[in-house]
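Please work through the exercises below with the sequence and the 3D view side by side, and try each task before reading its solution.

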Amino acid sequence: MKFNFDITYLNLPGELFTVCSPVPVSQPQLVAFNDNLATELGLNAGNINTNELAEIFSGNKLPEDSASIAQAYSGHQFGYFNRLGDGRALLMGEQITPDGRRFDLQLKGSGPTPYSRRGDGRATLSAMLREYLISEAMHALGIPTTRSLAVVVTGEPVYREQVQPGAVLTRVAESHIRVGTFEHISQFSSVETLKVFTDYVIKRHYPELLQTENSALLLLIKVMEKQIDLIVNWMRVGFIHGVMNTDNMAVSGETIDYGPCAFMNAYKPETVFSSIDTSGRYAFGNQPEMALWNLTRLAESLLLLIDTDIKKAIAKAAEVLNSFQNLFEQKYHKMLAAKIGFEYTDESDILLVNNLLGWMYEHNADYTNTFVRLMYPAIIQDKIYLDKAFLKWENDWKLRLQQKGITEEAALKLMQETNPVYIPRNHKVEEVLAQVTETGKMSDFQKLNNLLSTPYATSDFDAAFMQAPAVADELVYKTYCGT
Ligand code: AMP
Ligand code: MG
């Protein structure tokens, strides 16, 4: 396999990374490989056998010209600042694709690094397959995300609550630069390093800001806009990240770090699945506020570059952060309106969609399926949709479309682009992962992965898959960080 690496991170000040090697594993075996992504990356795997892929993507046999570096970063975890860094991941290289784009290829679960603290540097097969499945589902949903190229089992046990098979995931990202990377530099490095790094990030992710007057401030604005778009997308499909610590927020605007994430079923903004998020800090409906909290940490880290007069710097950053709420609401409302077929929005559209959300909340109605029911009344049989209040709402909605001169076809088209039919339902994800760990078979995993690659299906619906779990099952569903 021929890589096309150009590793610019190595040119940054040495305090920002540590060169170290993956720890070899005894029996690497390829269990998942993303052919489409490989092709996109310019890694044609056609003439290479799975043993070689297993050797490469376990870290046993790194390709020529690869780098193998652990990146330094810090982060606020549940509100508290910690010094972190890649404790179980290594950057293999920056791959330049045939169409000239740059992507980090990172091994996750490749063994301890100087940043591991008490961790073992390893990852479980189940967690890596979960990340593979959900990140690829997010990509298919049209949501910016890191992607998954390969999963290799190591043949070695990993000790968590139970003993589990270990695995290495190859993660692909526009970069792994986080809000926490900026915090790290602002806390532990010089202003010169901060300047060099900020210029690097601008050149890599926002080249349109090169040679602008206050590029640090403009960078803050760009990252904010990207985050707003991202969170609006998450909320469109019911995604709960679960651990939106500042080290898990990429400045590229990609969804990163699939730990305890999960999709909401019944519409409840207070939904939390993560076992460690006891206060509900990262609940579904809190995600915009937490994004702003994280952006405020980014702004603080950039202050010295925004203005040499600290008071002025704070005033400029505050002005940007103060615009978050309005910008978010505009985009959020546009998205909600699109979910019921309105291209442009006024307050009455928002009122209408809020009434629907209120009805869902009261009746424990499934977020995804309620919109599917509006698009395809015959497909969803749940008797909850015979409720008088729902039928009245549906009637009002149709009248409103008529009043606005929106045809049913136009509304349906917009809704089909906005509302997924398939999301990675938690109970389905658990089912396929259990099959892998109990029997070693990948067939159900592949089937689900395949189904999730066309989330906006408009025909041939898989009714069994679309069934939401019973509300009682969902209330006890928990995700774990010990991955
Ligand atoms: P996360 O919770 O995945 O965002 O990780 C937070 C920090 O813990 C990062 O510095 C990770 O590299 C580190 N970490 C997570 N799991 C492990 C592990 N098994 N071994 C070493 N470090 C880990
Ligand atoms: Mg992380």
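The exercises that follow concern a predicted model, and each is solved step by step.

**Exercise 1. The metal site**

Task: Find which residues coordinate the magnesium ion (ligand 2), and decide whether Asn 248 is buried or exposed and whether Asp 257 is buried or exposed.

Solution: Begin at the ion itself, where the magnesium ion (ligand 2) is coordinated by Asn 248 through OD1 and by Asp 257 through OD, at 2.0 to 2.1 Å. Next, apply the cut-off, under which a residue is buried if its relative accessible area is under 20%. Asn 248 has a relative accessible area of 9% and is therefore buried, and Asp 257, at 18% relative accessibility, also counts as buried.

**Exercise 2. Strand 9 and its partners**

Task: Establish which strands pair with strand 9 and in what sense, and state how many of the residues of strand 9 are buried.

Solution: Take strand 7 (residues 102-108) as the starting point, which pairs with strand 9 in the antiparallel sense over 5 bridges; within this pairing, Leu 105 stands opposite Val 172 of strand 9. Then turn to strand 8 (residues 147-159), which runs antiparallel to strand 9 and is joined to it by 9 bridges. In this second pairing Tyr 159 stands opposite Val 163 of strand 9, and a hairpin of 3 residues connects strand 8 to strand 9. Finally, consider burial: in strand 9 (residues 163-173), 8 of the 11 residues are buried, so the strand is largely enclosed by the rest of the structure.

**Exercise 3. A glycine after helix 6**

Task: Locate Gly 238, and work out which residues it touches beyond those up to four places away in sequence.

Solution: First place the residue, for Gly 238 lies in the loop between helix 6 and strand 10 (239-240). Its relative accessible area is 0%, so Gly 238 is buried. Leaving out residues up to four places away in sequence, Gly 238 touches Ala 262, Phe 263, Met 264, Phe 284 and Tyr 367. As a last step, compare positions in sequence and in space: Leu 217 is 21 residues from Gly 238 along the chain, and their C-alpha atoms are separated by 31 Å.

**Exercise 4. Helix 13 and the loop after it**

Task: Identify the buried residues of helix 13 and what covers them, then describe the surroundings of Asn 419.

Solution: Start with helix 13 (residues 408-418), whose buried residues are Ala 411, Leu 414, Met 415, Gln 416 and Thr 418. An α-helix has 3.6 residues a turn, so residues three or four places apart point the same way. The cover over the buried residues of helix 13 includes helix 6 (215-237), helix 9 (324-339), helix 11 (367-375) and helix 12 (388-403). Now move on to Asn 419, which is found in the loop between helix 13 and helix 14 (426-439). With a relative accessible area of 1%, Asn 419 is buried. Apart from neighbours within four places in sequence, Asn 419 is in contact with Lys 339, Phe 371, Met 375 and Tyr 456; the side chains of Asn 419 and Lys 339 are also joined by a polar contact of 2.9 Å.

**Exercise 5. Cysteines and domains**

Task: State how many disulfides the structure holds, and find what distance separates the centres of domain 1 and domain 2.

Solution: The structure holds 0 disulfides. Cys 20 is buried, with a relative accessible area of 14%, and Cys 261 is buried at 1%. For the second part, the domain assignment gives domain 1 (8-173) and domain 2 (332-418), and their centres, taken over C-alpha atoms, are separated by 41 Å.

Note on methods:
Residues numbered from 1 in each chain as written. Chains lettered and ligands numbered in written order. Predicted model: local features only at pLDDT ≥ 70, side-chain atom pairs only at ≥ 80, totals over all residues. Heavy atoms only, no water. Donors = N, O, S within 2.8 Å, 3.2 Å for Na, K, Ca; no water. Buried < 20%, exposed > 50% of the residue type's maximum accessible area, 1.4 Å probe, protein only. Domains from an automatic or database assignment. Helix = DSSP H or I, 4+ residues; strand = E, 2+ residues; numbered from the N terminus. Contact = heavy atoms within 4.5 Å. Polar contact = N/O pair within 3.5 Å; in protein donor to acceptor, adjacent residues only side chain to side chain. Disulfide = S-S within 2.5 Å. Pairing = 2+ DSSP bridges.
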